[in-house]
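Subject: Handover of a structure and summary of findings

Dear colleague,

Please find the structure below, together with its sequence. A summary of what was found in it follows, going from the whole chain to individual residues.

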Amino acid sequence: MADETLPKSERLCGATAVADLFEHGKGVTQGCFRCKYLLRADEEPCRMVVSVPKRSFKRAVKRNLLKRRIRESYRKQKSLLGTGVDVLFIYSLKEVLPYEAIYADMTAALTAIAHERNA
């Protein structure tokens, strides 16, 4: 499907955008994720960024594996979020979860953010 892509325009980049997200964003914890999100006034597509701490995973291979799994699970479910949201996903566990578990936790996180957004 065409809307299941994750183009560059839907990735949050830039130090000021990420700093603004940390400073003004709200937090949600679901499963293996700690999420920060910030609602924007525009109707632009959602933007996301992923963080896997080097403190928890010293090897870049494991960090990159987790980031790929997180991005893929987000890509398949981003329609749950709608538009106009910036989201940071921080992986908070010390072990590498299989894709199915990450997918389930991503579903819970996106649903929680969407629920808080509509409340």
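The secondary structure of the chain consists of 3 helices and 4 strands. Please bear in mind that this is a predicted model. From one end of the sequence to the other, the elements follow the pattern α-β-β-β-α-β-α. The radius of gyration is 14 Å, close to the 14 Å that the globule rule gives for 119 residues, so the chain is as compact as a globular protein of that length.

**Overall dimensions and surface**

Along the principal axes, the C-alpha atoms occupy a box of roughly 40 × 30 × 30 Å. Of the 119 residues, 37% count as buried. Among contacts with a separation of 6 or more, 77% are made by residues 24 or more positions apart. The accessible surface amounts to about 6,800 Å², and carbon and sulfur atoms contribute 53% of that area. As for charge, the chain carries 22 positive and 14 negative charges, whose mean positions lie 11 Å apart.

**Cysteines**

How many disulfides does a search of the whole structure find? The search returns 0. C13 takes part in no disulfide, and the nearest cysteine sulfur, which belongs to C46, is 15 Å away. With a relative accessibility of 46%, C13 counts as partly exposed. For C32, the closest cysteine sulfur is that of C35, at 8.8 Å, which is too far for a bond; the cut-off for a disulfide is a pair of cysteine sulfur atoms within 2.5 Å. C32 is buried, and its relative accessible area is 0%.

**F33**

F33 belongs to strand β2, which covers residues 33-39. Is F33 buried or exposed? At 0% relative accessibility, F33 counts as buried. Apart from its neighbours within four places in sequence, F33 is in contact with V28, I70, F89, I90, Y91, S92, I102, D105 and M106. One of these partners, I70, is 37 residues away from F33 in sequence, while the C-alpha atoms of the two are 9.7 Å apart in space. I70 falls in helix α2, which spans residues 60-77. F89, I90 and Y91, also among the partners of F33, fall in strand β4 (85-91), and I102, D105 and M106 fall in helix α3 (99-118).

**Q77**

Q77 is found in helix α2 (residues 60-77). The residue is buried, with a relative accessible area of 5%. When neighbours within four places in sequence are set aside, Q77 is in contact with Y103, M106, T107 and L110. M106 appears in this list and also in the list of contacts of F33.

**K94**

K94 sits in the loop between β4 (85-91) and α3 (99-118). K94 is exposed, with a relative accessible area of 59%. Which residues does K94 contact, leaving aside its neighbours within four places in sequence? They are S56 and F57. K94 and S56 are separated by 38 residues in sequence, and their C-alpha atoms are 5.6 Å apart in space.

In short, F33 is buried at 0% relative accessibility and Q77 is buried at 5%, whereas K94 is exposed at 59%.

With kind regards

Methods:
Residues are numbered from 1 along each chain as its sequence is written. This is a predicted model: local features need pLDDT of at least 70, side-chain atom pairs count only at pLDDT 80 or more; totals for chains, interfaces and linings use all residues. Side-chain values use heavy atoms; hydrogens and water are left out. Helices (H or I, at least four residues) and strands (E, at least two) are DSSP runs, numbered from the N terminus. The radius of gyration is taken over C-alpha atoms; the globule rule is 2.2 Å times the number of residues to the power 0.38. Buried means under 20% relative accessible area, exposed over 50%, partly exposed in between (1.4 Å probe, protein chains only). Contact means heavy atoms within 4.5 Å. Accessible areas come from the Shrake-Rupley method with a 1.4 Å probe; for residues, only the protein chains shown count as cover. Lys and Arg count as positive and Asp and Glu as negative; His and the chain ends are not counted. The place of a charge is taken as NZ of Lys, CZ of Arg, CG of Asp or CD of Glu.
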